[in-house]
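Hello,

Here is the structure we spoke about. Please open it first, then read my notes below.

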Amino acid sequence: MKRTTKIVLALVALLIIARLLLPYFVLKYVNRTLADMGDYTGHVDDIDIQLIRGAYQLDGLRIRKVNGKIKEPFLYMPKTDLSVEWKSLFKGKLVSEVEAYEPELNFAFSDDEASSQTGAEVDWTAYLKKLLPININRFAVINGKIDLTSLVTQPRADLSLQHFNAEIRNIRNVDDANKKLPSPVVATADAPGYSGKMDFSANMNLLKVVPDFDYNMRFTDVQLVKINNLAREYANIDFERGTVSIYSEMAMLDSKLNGYLKPLTKDMKIFKLNEHEGRSVGRFFTELLAQGGTAVLKNQRLDQVATRIPLNGTIDDVKTAVWPTIFGVLRNAYIEAFRGEFDNNITLQDALKDFKEDFKAKRAERKAERKEKREERKAERKAKREARQEERQKAN
């Protein structure tokens, strides 16, 4: 064989050996990275590398809390695909995309640290950058599951979102660079424990520490009998039948937000005359009054009770307006029924308007403070002049 041919064959053999050994070294690196994440630790069963498409797949990714009492892992991903986003590469941007198949996310809320599992203690972005140093531009979840345990602790109420599908695009602002909210987000899920369905859509700016957004969210056809444990605890009633749907629009800019919640009940029945099981005298009359109020305040034609609850303020202090909420109930009953749809009247400009009004209010407040201080200084100077005049008069 010619010397050149031998060299080529040797290089090919080395590449094949390197390709066979590469998953082993990558798997070792990934597991070493995930082993120590403070309060959490992780492990991957296997890794498959696909050099041609610039991708690798993680099989059996598990992340659990160290010294926690929760049996379920905080995160379990049977299969995760991480790859270069080729369409962005053709635009001169080196970014990646991630697809998670059938992931399970288990949150637990508790005052007991060992029984709490929220992931808030870890900077997940730092570890994600170690696993995938290329910035993520697209993230998708296919047929996932999210369990929220003890979402309400007393009485205990859990929420499980199944068949969760979501996609976030243009995270790194590769397209539409001049848009204020360049990243579209969509998500859907079922809540079988409450017989409800969730739909969420938004445009966001995810490059900020506190993201700006403009979203629409609806949670439809939740069976009221499924929330009776909460109704008994907080309202001293329980439901016999009916559904509730909640529609919400919200816009936030620089941590200032503006939007609404629109709860809408259908075919609601609270009072049942011959209900004997565990009902106290107090609950009997509470349910009777609640049923009477419902009869007065519901829209008779559509058999619904609804209102619109305005929300505004900051991310740390959300405020609601009481009187518009009450008038909303009366409007639905006697003027015009609310529809089971979005009002489509909340935009990012509404949050900006609130932000500007807040800025004007603070500026006016500072102006008033400066004026008050000037008046105080004038009063002090006047008092000093009068004191000097009195001293001179006494001296004369």
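**Helix H6 and its surroundings**

Leu330 sits in helix H6, which covers residues 322-334. Keep in mind that this is a predicted model.

Is Leu330 buried or exposed? Neither label fits: its relative accessibility is 34%, so Leu330 counts as partly exposed. The band for that label lies between the cut-offs, under 20% for buried and over 50% for exposed.

Leu330 also belongs to a nonpolar surface patch of about 800 Å². The other members are Val322, Trp323, Ile326, Phe327, Tyr334 and Ile335.

**Strands S13, S15 and S16**

Now the strands. S15 spans residues 309-314 and runs antiparallel to S13, residues 256-269. The two are joined by 6 bridges. One residue to click on is Gly313 in S15, the bridge partner of Leu257.

S15 also pairs with S16, residues 317-320. That pairing is antiparallel too, with 4 bridges. Here Gly313 stands opposite Val318 of S16. S15 and S16 make a hairpin, and 2 residues lie between them.

**The whole chain**

- Secondary structure: 7 helices and 16 strands.
- Burial: 37% of the 396 residues are buried.
- Contacts: among those with a separation of 6 or more, 58% link residues 24 or more positions apart.
- Surface: the chain exposes about 24,300 Å², and carbon and sulfur atoms supply 56% of that area.

Best wishes

Note on methods
Residues are numbered from 1 along each chain as its sequence is written. This is a predicted model: local features need pLDDT of at least 70, side-chain atom pairs count only at pLDDT 80 or more; totals for chains, interfaces and linings use all residues. Side-chain values use heavy atoms; hydrogens and water are left out. Two strands pair if DSSP finds at least two bridges between them. Buried means under 20% relative accessible area, exposed over 50%, partly exposed in between (1.4 Å probe, protein chains only). Contact means heavy atoms within 4.5 Å. Accessible areas come from the Shrake-Rupley method with a 1.4 Å probe; for residues, only the protein chains shown count as cover. Patches are made of residues with over 30% relative accessible area and no salt bridge: like charges are joined within 9 Å, nonpolar side chains (Val, Leu, Ile, Met, Phe, Trp, Tyr) within 5 Å. A salt bridge is a side-chain nitrogen of Lys or Arg within 4 Å of a carboxyl oxygen of Asp or Glu.
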